[in-house]
Amino acid sequence: KQARAVKKLPANNRIMLTGTPVENRLSDLWSLFDFLNPGLLGTLKEFKTFTKTLKRDTAGYGRLRTVISPYILRRLKTDTSIIDDLPDKVEMKTFASLTTKQIVLYRDLVDEIETILETSEGIQRKGLILSSLMRFKQLCNHPDQFLGTGAFEEQHSCKFQRLREICEIVQEKREKMLIFTQF
């Protein structure tokens, strides 16, 4: 039923696919739809005003669902009609160390943060910590992502090297895999 609803959309509407559940904040929902179909949910100010009323009028959730439902394709992991040969999910925890390049950059980042923390306070400190977490994730993923160079050479990231090993095993067995990552 939902797939038919998407086919009925006017040709000028843009379709956006995301693997991220829209469960975090309603403002995230507005942001996605402002990109997908600008104006559908009003301006950000109008949407925030609407969401404030939801605490006392929960029927508003139903109205919101009605507006966005033609754009949402929901599938469950148990839905075999999506990929009928998809095996059960297997999670594998694997670890990778840091390359020398990553270690040097990591130490530099720690030193930089320590220096800034000495002179900052309040919301500035909290903001620095939050933004630093993202920078550390990028650095541990690949130093080129952290630096923004775009080269992404395998030898500079043990994570990339470990991923190659896993992919080679999967390929040798002629199996399939999906990889989920934040980046």
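At 66% relative accessibility, above the 50% cut-off, Arg 174 counts as exposed in this predicted model. Arg 174 belongs to the segment that follows helix α8, and its phi is positive, about 60°, although the residue is not a glycine. A positive phi, of about 55°, is likewise found at Phe 152, which is not a glycine either. Phe 152 is placed in the loop between α7 (143–147) and α8 (158–172). With a relative accessibility of 36%, Phe 152 counts as partly exposed, whereas Arg 174 counts as exposed.

The predicted protein contains 8 helices and 0 strands. Its elements, read along the sequence, follow the pattern α-α-α-α-α-α-α-α. Of its 183 residues, 20% count as buried. Among contacts between residues at least 6 apart in sequence, 49% join residues at least 24 apart.

The packing of helices α2 and α3 was examined next. Helix α2 comprises residues 26–36 and helix α3 residues 44–53; the two pack at an angle of about 145°, and their axes lie 11 Å apart. Their crossing is right-handed. On the α2 side, the contact involves Leu 26, Ser 27, Leu 29 and Trp 30, which meet Leu 44, Phe 47 and Thr 51 of α3. By residue class, this contact of α2 with α3 consists of 5 nonpolar residues and 2 polar residues, with no charged residue.

Helix α4 (residues 59–68) contributes the buried residues Gly 60, Leu 64 and Ile 68. Because these residues cover an arc of only 70° around the axis, they fall on the same side of α4. Arg 65 and Thr 66 are exposed on the other side of this helix. The partners of the buried residues of α4 are α2 and α3, against which they pack.

A further residue of helix α2 is Phe 33. Its relative accessible area is 4%, under the 20% cut-off, and Phe 33 is therefore buried. With residues up to four places away in sequence left out, Phe 33 touches Pro 38, Leu 40, Leu 41, Ile 68, Tyr 71 and Ile 72. One of these partners, Ile 68, is also among the buried residues of α4. Another partner, Tyr 71, is 38 residues from Phe 33 in sequence, and the C-alpha to C-alpha distance between the two is 9.1 Å.

Contacts of the later helices were considered through two buried residues. Gln 102 is located in helix α5 (residues 100–119). At 0% relative accessibility, Gln 102 counts as buried. Outside the residues up to four places away in sequence, Gln 102 touches Ser 97, and its contacts extend to Leu 139, Cys 140, Asn 141, His 142 and Pro 143. The contacts of Gln 102 also include His 156, Ser 157 and Cys 158.

The second of these residues, Leu 128, is placed in helix α6 (residues 123–141). Leu 128 counts as buried, its relative accessibility being 12%. Residues up to four places away in sequence aside, Leu 128 touches Ile 113, Ile 116 and Leu 117. The C-alpha atoms of Leu 128 and Ile 113 are separated by 7.7 Å, and the two residues are 15 apart along the chain.

Cysteines were examined for disulfides. With a disulfide taken as a pair of cysteine sulfur atoms within 2.5 Å, the count comes to 0 disulfides. Cys 140, which is among the residues touched by Gln 102, counts as partly exposed at 32% relative accessibility. Cys 167 is also partly exposed, with a relative accessible area of 31%.

Methods:
Residues numbered from 1 in each chain as written. Predicted model: local features only at pLDDT ≥ 70, side-chain atom pairs only at ≥ 80, totals over all residues. Heavy atoms only, no water. Axes fitted to C-alpha atoms, helices over the stretch in contact; angles between N-to-C directions. Helix = DSSP H or I, 4+ residues; strand = E, 2+ residues; numbered from the N terminus. Left-handed = near helix turned anticlockwise from the far one by under 90°. Contact = heavy atoms within 4.5 Å. Nonpolar A, V, L, I, M, F, W, Y, C, P; charged D, E, K, R; others polar. Buried < 20%, exposed > 50% of the residue type's maximum accessible area, 1.4 Å probe, protein only. Arc of directions from axis to C-beta.
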